[in-house]
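Here are my notes on the model you sent, set out as numbered points. Please read them with the coordinates open.

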Amino acid sequence: MEMQIENKTSTISHENGIVYPSDKIMLDLKDLKKVYPTPKGDYVVLEHLNLQILKEEFVTIIGHSGCGKTTMLSMIAGLNSISGGNIAVLGSAIKGPGPDRGVIFQSPSLMPWMTALQNVLLGVNRVFPHASKSQQKDIAKYYLHKVGLDGAFNKKASELSQGMQQRVGIARAFAIKPKVLLLDEPFGMLDSLTRGELQDILIEIWNKEKITAVMITHDVDEAIFLADRVVMMTSGPRAKIGDVLNIDFERPRTRKAVLEHSDYYKYRKHLIDFLEH
Ligand SMILES: Nc1ncnc2c1ncn2[C@@H]1O[C@H](COP(=O)(O)OP(=O)(O)OP(=O)(O)O)[C@@H](O)[C@H]1O
Ligand SMILES: [Mg+2]
């Protein structure tokens, strides 16, 4: 893994030319590059990607399929190596995965033979090894309760519906109390009712825990409803941040109020125009 920190490459044009005070920044992606070696030669997925995400911010990421969204998120998670540039959490360069960053994928990858509670406890035990067994259980139960799984603590993951499994995934991610929650199309496979309900749960816990959330979505409405800022990635190869849209709706938001707001269609048009180019 090669880190380029020479100054001559740091003609960084932060999106919109805005410079944030460093004590407000949670995540700093600087001149990020990702190259996948392929049989036909190197494939440069991301290049000159600069993005700063603030503490307690909710950022959604949109971009065409294959542009490199998952690649970027998995690099932030520390699960995918960095080919150039760097990623810092609270000013320190990441060196792999860590409990400061929780991840929720499209399918929650639970241990199918374990119960909902045991699945959440797996994460809790790892991150809070010195807590007593009953404290660990209380944490896990608290988050399972938050995601509406009161009656299912002792059900095996394999016996849960997809929506319930994703609820366990959300509970597990929050229960390890990360500073940053990374979500890769977490609701993509769910019906729209469950999706709406889980969006509300996600926002409620995010707001309460005061963490930073970065979520990839294909859904423009979801991107607007959840975000403080929507980040648009250009199409690959050599994808980078193409544009950033501030969503100024006050919180807490309701779907109805967002849909009725006069700015809603302006935001929507902005995103769709970007994607259609
Ligand atoms: N391990 C890998 N080796 C080689 N190429 C890869 C690898 N992982 C991803 N790619 C390629 O990198 C590009 C970006 O992939 P990525 O999964 O990050 O896109 P994405 O924006 O998340 O797409 P989607 O919206 O479909 O999930 C794609 O062209 C993909 O084929
Ligand atoms: Mg993806």
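The points below take up the ligand shell, the nonpolar core, one helix and several backbone features of this predicted model.

1. The surroundings of ligand 1 are a convenient place to begin. Its shell holds 13 residues, and the closest of them are Tyr-36, Ser-65, Lys-69, Thr-70 and Thr-71. Two or more residues of this shell come from each of strand E1 (25–38), strand E2 (41–54) and helix H1 (69–77), and H1, with three residues, makes the greatest contribution. By character, the shell around ligand 1 comprises eight polar residues, four nonpolar residues and one charged residue.

2. The largest nonpolar core comprises 71 residues, and the positions with the most contacts inside this core are Val-120, Ala-171 and Val-214. Helix H4 is the element that gives the most to this core, supplying six residues. When neighbours within four places in sequence are set aside, Val-120 contacts Ala-140, Tyr-143, Leu-144, Val-168, Ala-171, Arg-172 and Ala-175.

3. Helix H5 deserves a separate look. H5 runs over residues 192–209, and its 18 residues reach 25 Å from the first C-alpha to the last, which is close to the 26 Å expected at 1.5 Å a residue. Its buried residues are Leu-198, Gln-199 and Leu-202; seen down the axis of H5, these buried residues fall within an arc of 110°, and they therefore line one face of the helix. As general background, an α-helix has 3.6 residues a turn, so residues three or four places apart point the same way. The buried residues of H5 pack against helix H4 (162–175) and helix H6 (220–226), while the face turned away from the buried side carries the exposed residues Leu-193 and Lys-208. H5 is followed by Lys-210, a residue with a positive phi near 55°.

4. Two peptide bonds should be checked by eye. The bond from Gly-236 to Pro-237 is cis, with omega near -5°, and Pro-237 is placed in the loop between strand E9 (229–233) and strand E10 (241–246). A cis peptide bond also joins Arg-251 and Pro-252, where omega is about -5°; Pro-252 lies in the loop between E10 and helix H7 (255–260). For context, most residues other than glycine have a negative phi, and most peptide bonds are trans.

5. Positive phi values call for a similar check. Ser-109, which is not a glycine, has a positive phi of about 45° and sits in the loop between strand E6 (101–104) and helix H2 (116–127). Ser-109 counts as partly exposed, because 14 other C-beta atoms lie within 10 Å. Arg-238 likewise has a positive phi, near 60°, in a residue other than glycine, and is found in the loop between E9 and E10. With 16 C-beta neighbours inside 10 Å, Arg-238 is partly exposed.

6. Where in the sequence are the residues that Pro-97 touches, once those up to four places away are not counted? Pro-97 touches Ala-77, Gly-78 and Leu-79, and is itself placed in the loop between strand E5 (92–93) and E6. Pro-97 and Ile-76 are 21 residues apart in sequence, with a C-alpha to C-alpha separation of 8.4 Å in space. Pro-97 is partly exposed, having 14 other C-beta atoms within 10 Å.

Note on methods
Residues are numbered from 1 along each chain as its sequence is written. Chains are lettered from A and ligands numbered from 1 in the order in which they are written. This is a predicted model: local features need pLDDT of at least 70, side-chain atom pairs count only at pLDDT 80 or more; totals for chains, interfaces and linings use all residues. Helices (H or I, at least four residues) and strands (E, at least two) are DSSP runs, numbered from the N terminus. The expected span of a helix is 1.5 Å times one less than its number of residues. A residue is buried if 20 or more other C-beta atoms lie within 10 Å of its own, exposed if 12 or fewer, and partly exposed in between; C-beta atoms are placed from the backbone. The arc is that of the directions from the helix axis to the C-beta atoms. Two residues are in contact if their C-beta atoms, placed from the backbone, lie within 7 Å. A residue is near a molecule or strand if its C-beta atom, placed from the backbone, lies within 6 Å of it. Ala, Val, Leu, Ile, Met, Phe, Trp, Tyr, Cys and Pro count as nonpolar, Asp, Glu, Lys and Arg as charged, and the others, Gly among them, as polar. A nonpolar core is a set of buried Ala, Val, Leu, Ile, Met, Phe, Trp, Tyr and Cys residues joined through C-beta atoms within 7 Å.
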